[in-house]
Amino acid sequence: MSKRFDIVGSLLRPEYLLRYKREIENRDDIKYPFYNDLLGYEEAEDRAIREIIKEQIDADIEVISDGEFSKSLWHLDFVWGLSGVRRYISKKGYIFRDHVHDGKTLPKDGAKGFETRRDVGIEVESPLSGKNHNHNRIYKKIKEYANGHKTKLCIPSPAHIYGEFLWSDVINYNKVYKDNEDFKKGLINAYKEFVDEFAEIGGTILQIDDCLWQVFAEDNKNSPFAGKNPADNLAIAREFVDLNNELIDYVKSKDIKAWAHNCRGNYQSRSMADGTYDSIADLFLSGQRYDRFYLEWDDERAGSLDGLNVFKNRNVEVVLGLLSSKTKTLDNETRVIDLLEKAINILPKENILLSHQCGFASCDNGNELNEIQQWEKIRQGQEIAKKVFGE
């Protein structure tokens, strides 16, 4: 359909796979990747990955993933797969902003919101290692089943994982690492070990996902940094950028493309954060050395497209998430085309692509739409991209 349309990565899982995923969610007596504990799970996962790769190829998706079918949560499966980690069911999950009665309005500040699944507890019990990670075993399958098509693997950024360890009261490393600097060194070393093996098996594109940039946005009223010393906030933000750049540079040294996806949270069509790109562009967009940025502009929270100006003197691809993966209905085509045309006035047309703002199932329970609606929305995105880009 169009090479200028792309999907972020995750797609809705079939019911026969979700039966296993729901059991995983409610048990912490089993060990990732859970194949030895759940009879038939590995076979179901393999079947689902084969099927979703075929569907992507049939739908003319340019870059193929496993639809995130090998994951339960977009980021924690990667952590579960590191040596030295124990997962457990916490007393609480993450808190997202919930829908209210009309299905559109978000709760007022201070409202409890929507609680996610609770198998998010993590304890580091021994030094971290990224060797022999199940994600690389999965990538071998992706390459094989994609049969020559471009492929990518999605993992969380080290800055995101570091940030969760800093702020979460259900994640800790105190048994092993003496302080934050010591933990950062152990974490980035584990990432580099993972990248070494990804390169060895022929990996060419690593998509590094991150949901924490907006906590540093001055216009994000729900940020944990709101009202705190701006100089202290900036120092932590730079720490995040430096940590990601250390991984990006290492990935590129292996002749692997480093792509980034940023969003404000996506869980059963709920969101977590506000914050415009305008307020973080000079640091997180300009400062990070990715080859491609997937950014979201599906609603007013992202602000204007002015943040794109920081890319003017860089040869970088920008995938505009102007469409919504959270809704059941098709998007407003006029709005999307108008924003694409505005973006083309800022950046070279050949550096711009179109996508939805996030995947359709960042976590395995998925957003509030069905598979038919998902593929209809993907086809709409492809058709809009063809109208605008002509390819």
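These questions and answers cover some burial, pairing and ring labels in a predicted model.

Reader: Why is Asn244 called buried?
Author: Its relative accessibility is 1%. Buried means under 20%. The value falls under that cut-off, so Asn244 counts as buried.

Reader: Where is Asn244, and which residues is Asn244 in contact with, leaving aside neighbours within four places in sequence?
Author: Asn244 is in helix 7, residues 230-253. Its contacts are Ser157, Pro158, Ala159, Asp210, Trp213, Gln288 and Tyr290. Contact here means heavy atoms within 4.5 Å.

Reader: What makes strand 7 and strand 9 a pair?
Author: Two strands pair if there are at least two bridges between them. Strand 7 (residues 153-156) and strand 9 (residues 205-210) are joined by 4 bridges. The condition is met, so they pair. The two strands run parallel. Leu153 has Leu206 in strand 9 as its bridge partner.

Reader: Which way do the residues of strand 7 point?
Author: Leu153 and Ile155 point one way. Cys154 and Pro156 point the other way. All of them are buried. Why the alternation? In a regular strand, side chains alternate between the two faces of the sheet.

Reader: How many aromatic pairs are found in the whole structure?
Author: The search finds 24. One of them is Tyr20 with Tyr41.

Reader: Why is the pair of Tyr20 and Tyr41 called tilted?
Author: Start with distance. The centres are 5.6 Å apart, and the limit for a pair is within 6.5 Å. Now the angle. The planes stand at 40°. Stacked needs under 30 degrees and edge-to-face needs over 60. The angle fits neither, so the pair is tilted.

Reader: What parts of the chain does that pair link?
Author: Distant parts. Tyr20 is in helix 1 (residues 15-25) and Tyr41 is in helix 2 (residues 41-58). They are 21 residues apart. Both Tyr20 and Tyr41 are buried.

Reader: What makes Phe165 and Tyr173 a tilted pair?
Author: Their centres are 6.3 Å apart, with 35° between the planes. The distance is within 6.5 Å, and the angle lies between 30 and 60 degrees, so the label is tilted. Phe165 is buried, at 7% relative accessibility. Tyr173 is buried too, with a relative accessible area of 7%. Phe165 and Tyr173 belong to one aromatic cluster, whose members include Trp213 and Tyr290.

Reader: How do you know that Arg292 lies over the face of Trp259?
Author: Arg292 is 3.8 Å from the ring centre. The distance limit is within 6 Å, with an angle limit of 35 degrees from the ring normal. The distance fits, and Arg292 is listed as lying over the face.

Definitions and conventions:
Residues are numbered from 1 along each chain as its sequence is written. This is a predicted model: local features need pLDDT of at least 70, side-chain atom pairs count only at pLDDT 80 or more; totals for chains, interfaces and linings use all residues. Side-chain values use heavy atoms; hydrogens and water are left out. Buried means under 20% relative accessible area, exposed over 50%, partly exposed in between (1.4 Å probe, protein chains only). Rings of Phe, Tyr and Trp (its six-membered ring) pair if their centres lie within 6.5 Å; planes under 30 degrees apart count as stacked, over 60 as edge-to-face and the rest as tilted.
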